[in-house]
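Let's take a walk through this structure together. Have the sequence and the 3D view open, and we'll go from one spot to the next.

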Amino acid sequence: MIKKVQLIRHGKTKENLEKRFAGGKTDSSLCEQGIAEIKQFSKDNVYENCELLFSSPMKRCLETANLIFPDSNIQTIEDFRELNFGLFENKNHAELDGNPLYQKWLDSGGKGEIPQGENFQSFVQRSLKGFKYMISLSRENSVSAVVHGGTIMAILYALNGGDYYEYMCSNGQGYIFEFSSETMKISGLRKI
């Protein structure tokens with residue numbers, strides 16, 4: 001069966017504005033700018049309607065989902081949480097600059113070990129597991145998920161190949177594509 005899938009990154013938070021590594025342990029709300037941007041994107045009809053709505057359990061995703069789809073029931077998927085940044089969690093580059101463990105992680109292209117955090121491949125597999133679970137619950141033709149930037153990148157990297165970072169998107173943006181549950185392939189990938 002072919003489904004239309006929309007993956008949306010949550011709106012901006014204070015941590016996003018401060019360029020912090022706000023991962024799966026930082027449960028923050030949207031900031032005023034983030035709320036205003038999501039409302040404007042919705043007013044501009046950036047997002048497509050969906051028959052079924054999913055979200056990460058994190059506040060910033062749930063708040064974004066409620067702003068975009070106020071009349072929809074939201075099903076949360078634990079595996080849609082952002083990467084656990086371990087010792088880097090809720091810190092920014094300026095605060096970590098000079099830390100040899102942080103430099104080693106940067107030198108790995110962000111795919112190396114994170115002290116007390118989550119392994120890159122484990123994160124990709126967890127995100128893909130969440131995506132497959134979402135698809136298994138979907139009897140409808142169109143589904144949307146409000147998740148994290150890293151989660152979107154991990155899912156598309158796992159399904160579509162290429163470079164993990166080519167799927168990066170700004171807050172409130174994301175991707176739409178068609179997904180075949182028989183072939184596990186995506187087609188018609190486009191940014192929103």
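A salt bridge here is a side-chain nitrogen of Lys or Arg within 4 Å of a carboxyl oxygen of Asp or Glu. Keep in mind that you're looking at a predicted model. With that rule in hand, start at Lys-4 and Glu-48: their side chains meet in a salt bridge, at 3.1 Å from N to O. This pair joins distant parts of the chain, with Lys-4 in strand β1 and Glu-48 in the loop between α2 and β2, 44 residues apart. Lys-4 is partly exposed, with a relative accessible area of 34%, and Glu-48 is partly exposed too, at 25%.

How many salt bridges does a search of the whole structure find? It turns up nine. One of them runs between Glu-18 and Arg-20, whose closest N and O atoms are 2.7 Å apart. Glu-18 counts as partly exposed at 30% relative accessibility, as does Arg-20 at 22%. These two also belong to a network of salt bridges that links Lys-14, Glu-18, Arg-20 and Glu-95.

Another one to look up is Lys-129 with Asp-79, where the closest N and O atoms are 3.6 Å apart. Again the pair links distant parts of the chain: Lys-129 sits in helix α6, while Asp-79 is in the loop between β3 and α4, 50 residues apart. The partners differ in how covered they are, since Lys-129 is exposed at 53% relative accessible area, whereas Asp-79 is buried at 18%.

Now turn to the strands. Is β4 mostly covered or uncovered? Strand β4 spans residues 142-147, and six of its six residues are buried. That goes for both faces: Ser-142, Ser-144 and Val-146 are buried on one side, and Val-143, Ala-145 and Val-147 on the other. Two strands that pair with β4 are worth finding. Strand β1 (residues 2-9) pairs with β4 in the parallel sense over six bridges, and Ile-8 has Val-146 as its bridge partner there. Strand β2 (residues 52-55) is also parallel to β4, pairing over four bridges, with Leu-53 partnered by Ser-144.

Next, the aromatic rings. There are 15 aromatic pairs in the count. Phe-131 and Phe-177 make a tilted one, 6.3 Å centre to centre with 35 degrees between the planes. Phe-131 lies in helix α6 and Phe-177 in strand β5, so this pair ties together parts that are 46 residues apart in sequence. Both Phe-131 and Phe-177 are buried. Tyr-167 and Tyr-175 pair edge-to-face instead, at 6.3 Å centre to centre and 75 degrees between the planes. Tyr-167 is buried at 3% relative accessibility, and Tyr-175 is buried at 5%. You can also pick out one aromatic cluster made of Phe-21, Phe-85, Phe-88, Tyr-102 and Trp-105.

What about disulfides? The structure holds zero of them. For Cys-31, the closest cysteine sulfur is in Cys-61, 14 Å away, which is too far for a bond. Cys-61 is in no disulfide either, as its nearest cysteine sulfur, that of Cys-169, is 11 Å away. Cys-31 counts as buried at 14% relative accessibility, and Cys-61 counts as buried at 0%.

Last stop: Asn-45, in the loop between α2 and β2. Asn-45 is exposed, with a relative accessible area of 65%. Its C-alpha atom is 25 Å from that of Ile-135, a residue 90 positions apart from Asn-45 along the chain.

Terms used: Residues are numbered from 1 along each chain as its sequence is written. This is a predicted model: local features need pLDDT of at least 70, side-chain atom pairs count only at pLDDT 80 or more; totals for chains, interfaces and linings use all residues. Side-chain values use heavy atoms; hydrogens and water are left out. Buried means under 20% relative accessible area, exposed over 50%, partly exposed in between (1.4 Å probe, protein chains only). Two strands pair if DSSP finds at least two bridges between them. Rings of Phe, Tyr and Trp (its six-membered ring) pair if their centres lie within 6.5 Å; planes under 30 degrees apart count as stacked, over 60 as edge-to-face and the rest as tilted. A disulfide is a pair of cysteine sulfur atoms within 2.5 Å.
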